[in-house]
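Please open the model in a viewer and keep the sequence panel visible. The tour proceeds by selections, each followed by an account of what is there.

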Amino acid sequence: MMNVKKSKIALLLAAGAVSMALTGCGGDDGNDGNNGKPGGPAAEYINTLNLKVTDVTYADGIPTVNVFATNEEDLPVVGLQDLGITGAQLTPQGATGAGNSAQWTRTARVSGTDAYTDNKNGSYTFTFEPSEYDADLTQRFNVYAGGEGSTLADGTTSVPRQEIVADFDGQGYQAKYTKNIVSHETCTNCHAEGKALTTRHSSYYKEETCATCHSSSMSTESQWNHLIHNIHNTAKTFEDKYGKEYTGEAAEALIQNNCKSCHIAPEEGSDELSEWGNWSSVPTMETCTSCHTGIDFKAGKGHSQQADNSNCIACHNANWTEELHTAGFADTSALINQYGINAASTIDATTQAATISIQVVDSNGEQVDIDTLLPKIQRFEVITNVGPNNVTLGYSGKDSVNAIMNGVVDAKAKIEAGKLVYTTTKALKLGAAGEDAETAFTFVGWAMCSENGEFVTCDDPSFDGKDTSKYTAMKSDLAFATLSGEAPSMRHVDSVNFTSCANCHSDDFQIHKGGHHAGFVMTEQLAHTNDANGEPIIGVDACTTCHTPDGTYAGGANQGALEMKLHKVHSQGDYAVIPGMNCDQCHNDFDREAFKKKGAIATEGGKYSTPIAATCVSCHSYNMDSFKAHVEGQGALVGVSKQEATDAAQLESCFYCHAPTPGDHTSVKM
């Protein structure tokens, strides 16, 4: 029997839009798709599915929901087989008790052809009985359709996945309030658009869908405001009902517990995400314990005793909560931006050694005498290799030195006229003029000892580089030089632009910060050129000083070559940071011509492969026998000696058939 509630909740709505839960989702005004008027020829193909809730009416508390479906050309889509709706209603902040956040409660979930009427003109009608209904509350309709294997009634026309949420008031008019704290677009800074958000729920693609289902009808740990934080950090591990363990390690490494990675303020003047700041203004036990573990509020364990959320805001006011959770990141950013470096390199014609000079500059670009900073410099790491496109010295052959360590200049380096100067000691074995192997390229990373948001001297024994909280990685730089004096060879930057990396990692991400490295902050100082808008295009040359075709410290065993390592880390199994990543999240283009400059790449067990095959196998290793048979039929070699792979490197004919693009790497020439 349907439960029609008549409560005093309506009185809480008189103030209009109210603040919502710590973490929630954006509403939808039903603007997806066209104007909702059926008619015209039906779509014969669907590259993009648009869904729109055109209207909602009620009869005795029973909703009738009309949904209109179109393709990318605004043609009506007829014959959907996998259409469904999840219904929910929103209890506003404070309605269930002082200090409590707003909560969705799932009221219905229906799907499949028996749940709706296909009106054969692009419109579909749902009528269902909700488990709860209060006409004073905002009603949500989460509509979803399509996905892998889904077709129209004809059995052949594939239907891509689409999910929307449409929020209305209890009479079917525009919603007066909703939860709009974090947008789906924010999630797609890291999660692939059009891909499942998790491996656990492989059918759901949008955060709004997750938030609608993970509602107050579930246990506290399964509710969205708790669960979403839990899965993005390592505070605690849990298993789902299928025994899959969630540690949060990959997510924490990526966003580093920075609340503002997800809680992003809308652009000025925007009426979207009007409650984005509620993450700090509505603290609750349910949300806070997703990160702060070992607390029993009612027993007074780990926190002062309290029975409910009514008094949280008395201590945890919004400004203090925001400062507590973000001040460290703001301090780090401020430290990083205090100084930069300009590195330059020249080649001695007699010795073929590279001399690298490094000038520290302040935030205004003014030169800084490095002697004045020396006691506070934790490390200056200078790495030199040869041939940015086909690195020749490998990992073990590169020239590498910590020119400064804990304020002490290495015997091989010196400070001259306020600059750090170092000359390579390993033979660079430069190639002929104009060749890729004539270019020596040097990657410089550095760090400064820091504590409590300030740079400090490194005389304390704890500043040994092992405790990464004791120092801040600074902006890196890259220098090129040639023996002939001709323009240096540079790795192509039209395939992966490092600014794409910053979409997930942030501008201040300190790569490889740890006991072995200073940490590298990749900034505009590494730019080769500018894009059409004048913005710097930052390449990944720097990474190849270590991630060479011969691999790294483990040779090819860990797929350490840059062409393989990035794919392995971002897409494969347990290594995957984000499930189901799309190529175009990192690649702004595929420069297939770049392979003409590459040679053998170490793949496994001391063996090598031709460059195209090696790059592909970094993802396509799940059926090695089939892969090897296919590529070797096209001139590639897999798992052979370095010399064999080098000799065959330019004999691969993969691109006679394959024409991969970032949007569709499976594209072939017909």
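Begin by selecting Lys598 and Phe595: Lys598 lies over the face of Phe595, 5.0 Å from the ring centre. A charge is taken to sit over a ring if NZ of Lys or CZ of Arg is within 6 Å of the ring centre and within 35 degrees of the ring normal. A further case is found by selecting Arg592 and Phe655, where Arg592 lies over the ring face at 5.6 Å from the centre.

Two remarks on the model are needed before continuing. This is a predicted model, in which local features need pLDDT of at least 70 and side-chain atom pairs count only at pLDDT 80 or more, while totals for chains, interfaces and linings use all residues. Residues are numbered from 1 along each chain as its sequence is written, and side-chain values use heavy atoms, with hydrogens and water left out.

**Aromatic pairs**

Next, display the aromatic rings. The structure holds 12 aromatic pairs; rings of Phe, Tyr and Trp (its six-membered ring) pair if their centres lie within 6.5 Å, and planes under 30 degrees apart count as stacked, over 60 as edge-to-face and the rest as tilted. Select Tyr116 and Tyr124: the ring centres are 5.7 Å apart and the planes stand at 80 degrees, so this pair is edge-to-face. Tyr116 counts as buried at 8% relative accessibility, and Tyr124 counts as buried at 0%. Here buried means under 20% relative accessible area, exposed over 50%, and partly exposed in between (1.4 Å probe, protein chains only). Adding Phe126 to the selection completes the view, as Tyr116, Tyr124 and Phe126 form one aromatic cluster.

Now move to Tyr339 and Phe455, a tilted aromatic pair with 6.1 Å from centre to centre and 35 degrees between the planes. Tyr339 belongs to strand β13 (residues 339-347) and Phe455 to strand β22 (residues 454-455), so the pair ties together parts that are 116 residues apart in sequence. Helices (H or I, at least four residues) and strands (E, at least two) are DSSP runs, numbered from the N terminus. Tyr339 counts as buried at 17% relative accessibility, and so does Phe455 at 12%.

**An open sheet**

Select β5, β4, β9 and β10. These 4 strands form an open sheet in the order β5-β4-β9-β10, with antiparallel pairing; two strands pair if DSSP finds at least two bridges between them. At the edges are β5 (103-111) and β10 (162-168), each of which pairs on one side only. Within the sheet, strands β9 (residues 138-145) and β10 run antiparallel and are joined by 7 bridges. To find one facing position, select Tyr144, which stands opposite Glu163 in β10.

**Strand β16 and Asn385**

Is strand β16 (residues 377-386) buried or exposed? Of its 10 residues, 10 are buried, so the strand is largely enclosed by the rest of the structure. Show its partners: β16 pairs with strand β21 (residues 439-451) in the antiparallel sense over 9 bridges, and with strand β17 (residues 399-405), also antiparallel, over 6 bridges. Thr384 has Asp399 as its bridge partner in β17.

Then centre the view on Asn385, which lies in β16 and has Phe441 as its bridge partner in β21. Asn385 is buried, with a relative accessible area of 0%. Its side chain reaches the backbone nitrogen of Leu393 at 3.3 Å and the backbone oxygen of Gly394 at 3.1 Å. Contacts of Asn385 beyond its neighbours within four places in sequence include Lys398, Thr439, Thr544, Thr545 and Thr548, where contact means heavy atoms within 4.5 Å.

**Helices α10 and α11**

Select helix α10 (residues 498-505), in which Phe498, Ser500, Ala502 and Cys504 are buried. Ser506 follows α10 and has a positive phi, near 80 degrees. Add helix α11 (residues 562-571), where Leu562, Glu563, Met564, Lys568 and His570 are buried. Which elements do the buried residues of α11 pack against? They pack against α10, β29 (601-604) and α12 (611-617).

**A final stop at Asn180**

Finally, select Asn180 in the loop between β10 and α1 (184-187). Asn180 counts as buried at 11% relative accessibility. With Pro461 also selected, the C-alpha to C-alpha separation is 48 Å, and the two residues are 281 residues apart in sequence.

Note on methods
Polar contact = N/O pair within 3.5 Å; in protein donor to acceptor, adjacent residues only side chain to side chain.
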